Amino acid sequence: DHKQAEKQYRQLIELYPDSIYAPQSYYSLGWSQFEQGEFEKAKGPFLKLMRQFPSHELREDASFKIAECEYNLRAYENAIQYFKNYILNFPKSRRHPEAYFYIAEAYYYLEDFLTAVTYYAKTAEIAYDNKLILLAKVSLGWSYLKLEKFALAKQNFDEAYSFALEKGILSDDVFLGQATFYAETGEQEKALEAYQQLIAKFPDSERVVDAYLGLANTYYQTKQYQEAIGAYQTILERSAQSPINPEIQEKTYFGLAWAHLKAGDIDSAVKNFETVKNKTESRTVKISAMTQIGDAYQDVGKFTKAVEVYDHILKNFPDSPYTDYVQYRQGIALLKMEKIEAATLSFQSLKANFPTSKYINDTNYYLAVAYFKKEEWAVAAEYINDFIEGLPRANEFLAEAHYILGLSNFNLKKYQDAWKTFQTILTDYPQDLALVRNAEFYIAKCDYKTGHVPEAIKKFQALTAKYPKSKVAQEALMWLADHYLEASDFDNAISYYNQFIAEFPGSDEIDLIYYELGRAYQAKTQFDQAVNAFKLVSEQKNPEVHAKAKLALADIFSRDLDPDSTVETYQKIVDTSPKFKRDAYVKIAEVHKKTGNYTQAIAAYQNALASDATSSERTNAELQFLIADAHQLSNQSDQAVEEYLKISYLYPDDASWTIKAYLRMARIFEDNEQWDEAKIAYEKTLKFETDEAKFAQERLDWIREHITQR
């Protein structure tokens with residue numbers, strides 16, 4: 001009955017301060033308070049004993065107890081000083097080994113592990129209590145583990161185990177130390193065995209909860225999620241019988257939540273995070289739980305829910321220690337949702353508000369990705385350069401960062417810079433095979449873009465042989481086939497298209513390959529083969545390419561058809577393939593133009609102009625020019641001029657067709673001897689400073705020389 005004892009000791013001290021029992025009463029009062037965990041209060045009686053009775057025999061014990069009070073109050077620096085004073089003031093004390101051990105423990109908790117090692121070693125050297133020696137050896141193992149000196153850690157844990165066996169004092173601390181060592185060094189099977197031995201041999205130990213937590217964490221790390229869930233739940237069951245450390249309980253709920261998540265049970269995961277949030281009195285832990293709920297949603301691809309959670313934290317806890325992390329994770333979630341502008345804003349807010357955050361450099365990477373997706377290559381290159389500069393030379397993300405930089409420079413048409421960056425990947429990261437393949441592909445493309453066509457062709461051919469059945473081989477074959485098609489080397493083009501079909505029959509690009517193969521055969525006037533290729537294009541898998549193939553087929557079939565049947569063929573495309581209305585109407589107009597039916601040709605061009613451009617390469621300015629041209633062909637000069645004139649004010653940014661329109665108008669004006677109007681049209685052409693300007697100047701000079709002299 002410590003309270004009653006405390007009361008009696010106080011009465012004795014107050015009533016009989018000079019009694020021979022007063023020193024004992026001070027000591028016993030402090031001891032009673034110490035036993036009740038009232039360490040701050042306990043220091044008072046011990047200090048009074050030492051001051052008022054400096055020669056009393058209990059002074060030594062009181063001095064030790066004061067140091068213990070400071071240690072238990074986690075005032076480790078004070079504890080170290082008191083224990084050092086104890087050793088100095090009581091040189092013959094038999095408790096020096098304990099004092100050294102406490103000093104070592106204090107340094108350990110101050111995370112000064114190297115100094116802790118010194119005092120643990122001193123303890124093991126001078127102690128005569130085998131249990132204390134064992135504790136010191138185990139603690140040496142823990143200290144070296146914290147210092148990442150794994151060989152020394154193992155040596156001391158092994159020595160502790162051998163010593164314990166020799167002295168017959170095998171303890172839970174030995175197994176816990178060994179298990180933690182194995183877990184830290186990645187020897188998961190040995191860690192599991194050590195944790196299980198501790199649980200089996202010391203079922204009532206205070207270390208059992210730590211063992212179950214280590215066991216659960218190890219199961220989690222080895223992706224044995226159901227076993228991890230069982231171990232975490234065992235801890236919670238034990239906590240229902242007797243209270244456990246709140247910190248361990250929180251770790252258990254967090255671990256259980258993530259194990260449920262990895263096992264595919266998002267609802268149970270969120271439920272456990274919510275339990276932590278609702279139970280804890282710590283604001284920091286509460287925010288941590290909410291943050292991990294957001295991360296859990298993000299991990300299973302529920303990005304909208306993740307962003308909602310992050311938004312809630314940022315709005316309601318803007319000054320939390322997790323704010324920069326939450327802002328960072330929110331940006332990543334938005335990026336995954338393809339909300340590029342919102343993601344960019346989130347990352348930029350992080351950089352502006354938390355310039356010293358440890359996530360700043362990673363933010364540069366994600367900003368580079370965001371601007372890359374927006375096709376703002378220069379900004380992407382700038383951020384990825386910042387990211388690369390902020391990384392150590394051996395960082396695992398450097399290779400991918402260089403790849404993004406290379407792609408950005410390639411898209412900026414900085415082909416030499418891109419080439420050098422891709423070469424860096426080949427030189428510095430040969431083990432990253434996927435990036436190496438892609439880098440080799442882009443090196444070939446850079447060669448082509450810089451005019452080294454024969455070298456590029458050789459490299460693309462080498463890629464198809466070096467990486468058969470790969471994505472790079474597909475792209476290399478496509479590039480080779482397309483190159484030869486554009487170069488009008490149809491035989492080589494056909495050969496490469498057929499090779500692609502043979503090697504990649506299930507490719508997503510197969511319909512496009514059939515279409516391009518058909519084009520190559522069509523260019524060779526091998527119409528039967530062309531028709532066969534076009535017919536292989538799938539309407540269900542690729543309706544857009546299928547419609548283009550239908551248009552090509554119509555071109556082939558219309559060769560032997562009368563104009564009305566040809567128009568009917570193209571009209572069917574208009575009716576069934578809306579995306580290709582514009583091109584089909586142009587074809588109809590061309591048929592009418594060939595037969596001299598300009599009115600219907602004009603109507604067809606106007607229909608084309610009214611249709612959405614979609615995949616057509618025919619611009620509005622070009623169609624307007626063709627309308628004017630049809631009027632000119634039908635000898636409607638005034639109407640033609642009016643239609644040509646529309647191009648300059650409807651499509652002022654399309655300089656090419658505007659210039660052509662001015663030259664056509666000038667020609668009409670010359671034919672009609674409208675010299676002033678012709679001069680105005682030629683003068684407007686001069687403003688563009690193009691090759692046509694030379695011709696316009698020649699015509700102006702001729703008009704001034706021949707017309708003004710009349």
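These legends go with close-up views of a predicted model.

**View 1. Helix α10, from residue 172 to residue 184, and its length.** With 13 residues at 1.5 Å apiece, α10 ought to span 18 Å, and the model agrees: the C-alpha atoms at its two ends sit 18 Å apart. Look at the start of the helix for a side-chain oxygen of Ser 171, which comes to within 3.3 Å of the backbone nitrogen of Asp 173. Just past the other end, Gly 186 adopts a positive phi of about 80°.

**View 2. What surrounds α10.** Eleven of the helix's 13 residues are buried, so the rest of the structure largely encloses α10. The buried set starts with the pair Asp 172 and Asp 173, and also takes in Val 174, Phe 175, Leu 176, Gly 177, Gln 178, Ala 179, Thr 180, Phe 181 and Tyr 182. Who does the covering? Among the elements over these buried residues are α8 (130-146) and α9 (150-167), along with α11 (188-201) and α12 (208-221).

**View 3. Helices α18 and α20 packed together.** Two packed helices are described by the angle between their axes and the distance between the axes. Here α18 (residues 323-336) meets α20 (residues 360-373) at about 20°, and their axes lie 11 Å apart. An angle under 35 degrees counts as roughly parallel, so that is how α18 and α20 run relative to each other. The crossing of α18 past α20 is left-handed. On the α18 side, Tyr 328, Ile 332 and Leu 335 make the contact, while α20 puts in Asp 362, Thr 363, Tyr 366, Val 369, Ala 370 and Lys 373. As a rule, residues three or four places apart in an α-helix point the same way, because there are 3.6 residues a turn.

**View 4. Leu 480 in helix α26.** This leucine sits in the helix formed by residues 471-486. Is Leu 480 buried or exposed? Its relative accessible area is 0%, so Leu 480 is buried. Setting aside neighbours within four places in sequence, Leu 480 is in contact with Ile 457, Phe 460, Gln 461, Thr 464 and Tyr 496. Ala 456 is also worth finding in this view: 24 residues separate Ala 456 from Leu 480 in sequence, yet their C-alpha atoms are 9.5 Å apart.

**View 5. Gln 624 in helix α34.** Gln 624 belongs to the helix spanning residues 620-633. Its relative accessibility is 4%, and buried means under 20%, so Gln 624 counts as buried. Residues up to four places away in sequence aside, Gln 624 touches Leu 609, Glu 643, Lys 646, Ile 647 and Tyr 651.

Technical notes
Residues are numbered from 1 along each chain as its sequence is written. This is a predicted model: local features need pLDDT of at least 70, side-chain atom pairs count only at pLDDT 80 or more; totals for chains, interfaces and linings use all residues. Side-chain values use heavy atoms; hydrogens and water are left out. Helices (H or I, at least four residues) and strands (E, at least two) are DSSP runs, numbered from the N terminus. The expected span of a helix is 1.5 Å times one less than its number of residues. Buried means under 20% relative accessible area, exposed over 50%, partly exposed in between (1.4 Å probe, protein chains only). Contact means heavy atoms within 4.5 Å. A polar contact is a pair of N or O atoms within 3.5 Å; within protein, one must be able to donate a hydrogen and the other to accept it, and residues adjacent in sequence count only if both atoms are side-chain atoms. Axes are lines fitted to C-alpha atoms, for helices over the stretch in contact, and angles run from 0 to 180 degrees between N-to-C directions. Angles under 35 degrees count as roughly parallel, over 145 as roughly antiparallel, 65 to 115 as roughly perpendicular and the rest as oblique. A crossing is left-handed if the near helix is turned anticlockwise from the far one by less than a right angle, and right-handed if clockwise.
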